[in-house]
Amino acid sequence: GRSHAGCRRNAGHWTGSGAPYTHADNHDLVYENGTTAYVANDGGLFKTTDNGASWTDLSNGLQIAQMYGFGQSTTNANLLLQGWQDNGTNRYLNGTWQEVMGGDGMLAFIDWNNDQNMWGSQYEGSLNRSTNGGASWSGATGGINEVGAWVTPWSQDPVAPGTIYSGFINMWKSTNGGSSWTKISNFGGSTTMT
């Protein structure tokens with residue numbers, strides 16, 4: 001059975017700065033005894049033997065996540081970009097996974113014409129781009145003044161590599177990889193960014 005006697009606040013932290021890492025979106029906590037407990041969360045399964053002062057990630061090394069979307073390179077079968085709920089945007093390159101952008105990773109894709117160009121998004125239309133294979137990221141919403149859906153749809157044009165489209169309240173088009181956007185519809189609506 002579950003016992004929460006002696007349960008203290010979670011001493012863990014999402015990034016590990018200032019406290020040992022445990023993901024903060026906890027779903028279940030089960031005590032084995034007075035000092036040993038297990039917590040299941042959006043980051044995996046963690047164990048403490050000192051009532052939360054330190055944690056061991058029992059799922060460390062497992063590449064599992066709730067994926068919102070992914071992009072596949074057209075020239076390298078070993079290059080993927082994936083958006084993981086609560087666990088960032090992650091790049092798979094030649095057998096190694098790396099979180100290249102934090103937060104809620106949403107829809108992501110790789111330029112079909114140039115693997116160095118990548119796009120990843122976060123919730124409500126936070127669109128981002130990388131021009132160096134995911135090593136660094138910058139915002140890609142120049143000119144968009146609307147809030148997007150939790151998972152804002154966007155994709156690359158199948159013919160013109162620098163052109164991408166995104167759906168907020170209206171449809172938006174960029175011809176420079178997301179540096180600036182032009183509204184191409186007039187559907188109306190009242191949700192705008194301030």
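Two strands are taken to pair if DSSP finds at least two bridges between them, and strands themselves are DSSP runs (E, at least two residues), numbered from the N terminus. The structure examined here is a predicted model, in which local features need pLDDT of at least 70 and side-chain atom pairs count only at pLDDT 80 or more, while totals for chains, interfaces and linings use all residues. Residues are numbered from 1 along each chain as its sequence is written, and side-chain values use heavy atoms, with hydrogens and water left out.

Strands of a sheet pair through backbone hydrogen bonds, either parallel or antiparallel. In this model, four strands form an open sheet in the order β9-β10-β11-β12, with antiparallel pairing. Because β9 (108-110) and β12 (138-139) each have a single partner strand, they stand at the edges, and one side of each is left without a neighbour in the sheet.

Within this sheet, strand β10 (residues 118-122) and strand β11 (residues 126-130) pair in the antiparallel sense over five bridges. Gly120 of this pair has Asn128 in β11 as its bridge partner, and Ser121 is matched in β11 with Leu127. The hairpin of β10 and β11 has three residues between the strands, and there Glu124 takes a positive phi near 55°. Strand β10 also pairs with β9, again in the antiparallel sense, over three bridges, and here the bridge partner of Phe109 is Trp119 in β10.

The surroundings of β10 were described by relative accessible area, where buried means under 20%, exposed over 50%, and partly exposed in between (1.4 Å probe, protein chains only). Five of the five residues of β10 are buried, so this strand is largely enclosed by the rest of the structure. Both of its faces are covered, with Met118, Gly120 and Gln122 buried on one side and Trp119 and Ser121 buried on the other.

Other positions are open to the surface to some degree. Pro158, found in the loop between β13 (154-156) and β14 (164-167), counts as exposed because its relative accessibility is 70%. Although Pro158 and Asn113 are 45 residues apart in sequence, their C-alpha atoms are 9.7 Å apart in space. Met171, placed in strand β15 (residues 171-174), is partly exposed, with a relative accessible area of 33%. Together with Ile184 and Phe187, Met171 makes a nonpolar surface patch of about 310 Å², the area coming from the Shrake-Rupley method with a 1.4 Å probe. Such patches are made of residues with over 30% relative accessible area and no salt bridge, nonpolar side chains (Val, Leu, Ile, Met, Phe, Trp, Tyr) being joined within 5 Å; a salt bridge is a side-chain nitrogen of Lys or Arg within 4 Å of a carboxyl oxygen of Asp or Glu.

Notes. Patch = residues over 30% accessible without salt bridge, like charges linked within 9 Å, V, L, I, M, F, W, Y side chains within 5 Å.
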